[in-house]
Amino acid sequence: MKKFMVALLAVLMLSSAAWAASVEVDGSYYVRGRYFSNPGLDLEDDYDPFSNYDHELDLWSQINVSDTTFVRFRFEIADENWPGDGGGIASDDNLEVQRVWGGHTFTNGTKFEFGKMTGGTWATSFAEAGEARYRLKLTQPLPIGTLLAIIEKKAENGSSVEDSEKNDSDAYYVGLVTKAGNINVKPLVGYINDGSQDLTDDGYRNTFLFQLGLDGTFGIIGFESEFDYTNINYDDGADVSPGGEDSASLFGLYFDVYAQLDALKPGVFFAYGSVDDDAGLVFNFGDDFDGHGAEMIGNEFAFGGVDAIGGATYFGAYVNFAASDALSFFGQIGYAQGNSDHPTIEDDTALDISARGAYKITDAVTYTVGGGYASVDRDAGDDPDPGYKLYHKLAISF
């Protein structure tokens with residue numbers, strides 16, 4: 001990794017000299033100590049509490065070739081538990097190039113970006129799992145707002161093998177960001193043509209999606225909301241839903257309203273995810289959504305039949321308090337109930353209580369202390385013991 005970083009810096013310096021480019025670097029580094037007790041809310045009653053340290057360096061950099069042309073990239077370095085996720089000495093090659101893409105803005109204002117950039121995000125954090133996506137993205141300013149058009153390569157299986165091109169997966173999106181009075185309006189439509197599910201079959205999985213985000217402020221009152229609808233059609237061949245159906249429809253709804261009362265910001269949120277029991281699918285709230293920072297539900301343990309939280313009714317209340325320019329506090333209580341008819345999910349409920357406080361030692365250095373408590377009430381079967389975690393974290397941003 002050291003040799004790679006030296007080579008990278010040399011390339012950046014040479015490119016700056018040759019093309020009169022400027023280089024911007026920003027990022028963050030943290031180290032965190034954590035204490036856990038049954039964080040996954042497992043049924044086993046012989047677990048022991050445990051603790052660990054972890055750290056991570058995120059490095060963003062941009063080469064500004066000119067005022068209208070750039071190359072942007074992100075490294076994640078040493079995202080690991082001490083002394084390494086494998087329990088041994090950490091590897092010196094713990095480095096991942098998470099994003100790399102270029103862009104150019106034309107004289108008419110059209111911005112064209114191409115490469116490995118962040119996708120899977122729109123409007124709010126609801127139903128989001130931001131991750132690397134290989135994309136061609138066009139952004140066009142309009143008198144009414146901004147229009148976006150995206151082509152995304154989700155899987156590439158084309159080769160000299162006959163008919164292999166049909167096994168690709170491609171997605172197409174069109175979105176608009178506009179305003180109606182004090183309200184920001186953000187519709188998005190998408191279509192995914194996926195032939196990668198079964199490489200021996202000629203069938204496709206076709207997905208249509210629609211998302212609508214709304215947010216705005218009216219004096220001290222603010223809100224954000226999102227509606228998502230997904231329709232999936234499966235081929236008659238081997239590619240069918242987990243429940244054996246050839247189609248499925250899911251939707252999700254999220255609403256959040258808050259009041260900005262000087263240093264105090266209280267709010268409430270509500271999220272709903274539908275269930276298609278026949279197809280065996282549930283609407284996923286996404287890895288990026290946890291209300292406003294639940295420490296346990298959707299992070300340390302999953303709820304509702306997905307890997308985070310989904311197929312559930314989830315609501316809660318939260319409050320942010322800025323005691324001073326340097327000191328702030330946050331608290332949230334959330335409650336979820338499963339919406340599926342499946343006996344292992346139906347009427348299950350979960351409670352999450354989260355709190356943290358942060359102190360800015362300097363503009364670049366912040367110390368945070370936090371924790372979370374969660375319990376689950378299973379409608380069928382035994383209930384696990386409650387779980388909790390505590391942590392403190394020292395972070396540097398630059």
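Buried means under 20% relative accessible area, exposed means over 50%, and partly exposed lies in between (1.4 Å probe, protein chains only). At 42% relative accessibility, Glu-24 therefore counts as partly exposed. The model is predicted: local features need pLDDT of at least 70, side-chain atom pairs count only at pLDDT 80 or more, and totals for chains, interfaces and linings use all residues. Residues are numbered from 1 along each chain as its sequence is written, and side-chain values use heavy atoms, with hydrogens and water left out.

**Overall make-up**

- The protein chain has one helix and 20 strands, where helices (H or I, at least four residues) and strands (E, at least two) are DSSP runs numbered from the N terminus.
- Of the 398 residues in the protein chain, 40% are buried.
- The protein chain has an accessible surface of about 20,500 Å², and carbon and sulfur atoms hold 58% of that surface. Accessible areas come from the Shrake-Rupley method with a 1.4 Å probe, and for residues only the protein chains shown count as cover.
- Among contacts in the protein chain with a separation of 6 or more, 54% are between residues 24 or more positions apart; a contact means heavy atoms within 4.5 Å.

**Around Glu-24**

- Glu-24 belongs to strand S1 (residues 22–37).
- Leaving out residues up to four places away in sequence, Glu-24 touches Trp-60, Ser-61, Gln-62 and Asn-64.
- Between the C-alpha atoms of Glu-24 and Ser-61 the separation is 5.5 Å, although the two are 37 residues apart along the chain.

**Salt bridges**

- Side chains of opposite charge can pair when their charged atoms come close. A salt bridge is here a side-chain nitrogen of Lys or Arg within 4 Å of a carboxyl oxygen of Asp or Glu, and by this rule there are 16 salt bridges.
- Arg-32 and Asp-54 pair through their side chains in a salt bridge, at 2.8 Å from N to O. This pair links distant parts of the chain, with Arg-32 in strand S1 and Asp-54 in strand S2 (residues 50–64), 22 residues apart. Arg-32 and Asp-54 are both buried.
- Between Arg-135 and Glu-152 there is a salt bridge whose closest N and O atoms are 2.6 Å apart. Arg-135 lies in strand S6 (residues 131–142) and Glu-152 in strand S7 (residues 145–155), so this salt bridge ties together parts that are 17 residues apart in sequence. Arg-135 counts as buried because its relative accessibility is 11%, and Glu-152 counts as buried because its relative accessibility is 1%.
- Arg-135 and Glu-152 also belong to a network of salt bridges that links Glu-131, Arg-133, Arg-135, Glu-152 and Lys-154.
- A salt bridge at 3.0 Å, N to O, joins the side chains of Arg-356 and Glu-295. The two residues link distant parts of the chain, 61 residues apart: Arg-356 is in strand S18 (residues 349–360), and Glu-295 is in the loop between strand S15 (281–282) and strand S16 (312–322). With a relative accessible area of 25%, Arg-356 is partly exposed, whereas Glu-295, at 7% relative accessibility, counts as buried.

**Negative surface patch**

- A patch of negative charge on the surface gathers Glu-245, Asp-246, Asp-277, Asp-278, Asp-341, Asp-347, Asp-377, Asp-379, Asp-382 and Asp-383.
- Patches are made of residues with over 30% relative accessible area and no salt bridge; like charges are joined within 9 Å, and nonpolar side chains (Val, Leu, Ile, Met, Phe, Trp, Tyr) within 5 Å.
- Lys and Arg count as positive and Asp and Glu as negative, while His and the chain ends are not counted. The place of a charge is taken as NZ of Lys, CZ of Arg, CG of Asp or CD of Glu.
- Within this patch, Glu-245 sits in the loop between strand S11 (221–233) and strand S12 (247–259). Glu-245 counts as partly exposed because its relative accessibility is 34%.

**Backbone features in loops**

- Trp-82 and Pro-83 are joined by a cis peptide bond with omega of about -5°. Pro-83 is in the loop between strand S3 (69–81) and strand S4 (95–105).
- Ala-123, a residue other than glycine, has a positive phi near 65°. Ala-123 is in the loop between strand S5 (111–119) and S6, and is partly exposed, with a relative accessible area of 30%.
- Asp-262, also a residue other than glycine, has a positive phi near 55°. The loop between S12 and strand S13 (264–273) holds Asp-262, which is exposed at a relative accessible area of 76%.
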